[in-house]
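Here are some notes for a colleague opening this entry. Please keep the sequence and the model side by side while reading.

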Amino acid sequence: VKPLGPQPTQGEALVKTVATSPGQPVVTVDYRLESAGETWLVFDVIIEGVSLVNNYRGQFASVIARSGMDGLIKLLAEKNSKPYLYSTLRTRVITCS
């Protein structure tokens, strides 16, 4: 992963990165961050131009249209009650000063 530099503006920053692997195409991964005191928190991940926040927003709107807000809350409660296999997730956090 190669960070291309943060662009902070009024408490928010966009950190653009590219992920490379020999023999594989380059993948752009951007992180939207918000300042929280002396630290930064990631609130969106954009992979190849697809925002995780926008993706969920679309999915939630669809569920609300079909089942209402109660249906969305029920669906999220069901999903959160199931264990997630963290062994499939590999994350490396890089702190920039």
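How far does the backbone nitrogen of valine 53 lie from a polar atom of the side chain of serine 51? The distance is 3.2 Å. The points below start with the basis of the model and come back to this contact.

1. Basis. This is a predicted model: local features need pLDDT of at least 70, side-chain atom pairs count only at pLDDT 80 or more, and totals for chains, interfaces and linings use all residues. Residues are numbered from 1 along each chain as its sequence is written, and side-chain values use heavy atoms, with hydrogens and water left out.

2. Layout. The chain has five strands and one helix. Their order from the N terminus is β-β-β-β-β-α. Helices (H or I, at least four residues) and strands (E, at least two) are DSSP runs, numbered from the N terminus.

3. Burial. The chain has 97 residues, and 13% of them count as buried. Buried means under 20% relative accessible area, exposed means over 50%, and partly exposed lies in between (1.4 Å probe, protein chains only).

4. Serine 51. This residue is found in strand E5 (residues 50-51). Serine 51 counts as buried because its relative accessible area is 11%. At the start of H1, one of its side-chain oxygens reaches to within 3.2 Å of the backbone nitrogen of valine 53. A polar atom of the same side chain lies 3.1 Å from the backbone nitrogen of asparagine 54. A polar contact is a pair of N or O atoms within 3.5 Å; within protein, one must be able to donate a hydrogen and the other to accept it, and residues adjacent in sequence count only if both atoms are side-chain atoms.

5. Aspartate 44. Look next at strand E4, where aspartate 44 lies. Why does aspartate 44 count as buried? Its relative accessibility is 2%. The side chains of aspartate 44 and serine 51 are joined by a polar contact of 2.7 Å. The aspartate 44 side chain also reaches the backbone nitrogen of valine 53, at 3.0 Å.

6. Salt bridge to arginine 32. Aspartate 44 has a charged partner too. Its side chain meets that of arginine 32 in a salt bridge (3.5 Å, N to O). Arginine 32 lies in strand E3 and aspartate 44 in strand E4 (residues 39-47), so the pair ties together parts that are 12 residues apart in sequence. Arginine 32 is partly exposed, at 31% relative accessibility. A salt bridge is a side-chain nitrogen of Lys or Arg within 4 Å of a carboxyl oxygen of Asp or Glu. By this rule the count is two.

7. Salt bridge to lysine 16. Here the side chains of lysine 16 and aspartate 30 meet at 3.7 Å, N to O. The pair links distant parts of the chain, 14 residues apart: lysine 16 is in strand E2 (residues 12-19) and aspartate 30 in strand E3 (residues 27-36). Lysine 16 is partly exposed, with a relative accessible area of 31%. Aspartate 30 is buried, at 12%.

8. Glutamate 48. Check the loop between E4 and E5, where glutamate 48 lies. Its phi is near 50°, a positive value in a residue other than glycine. Most residues other than glycine have a negative phi. Glutamate 48 counts as partly exposed because its relative accessibility is 48%.

9. The bent helix. Where does H1 bend? The bend is at serine 67, by about 120°. That bend is the angle between axes fitted to the seven residues ending there and the seven starting there. Helix H1 (residues 52-81) has 30 residues, yet its end C-alpha atoms are only 21 Å apart, short of the 44 Å that a straight helix would reach. The expected span is 1.5 Å times one less than the number of residues.

10. Faces of H1. Val63, Gly71 and Leu72 are buried in this helix. Phenylalanine 60 also lies in H1, as does leucine 75. Phenylalanine 60 is partly exposed, at 30% relative accessibility. Leucine 75 is partly exposed as well, at 29%. The two are 15 residues apart in sequence and 9.8 Å apart in space, C-alpha to C-alpha.
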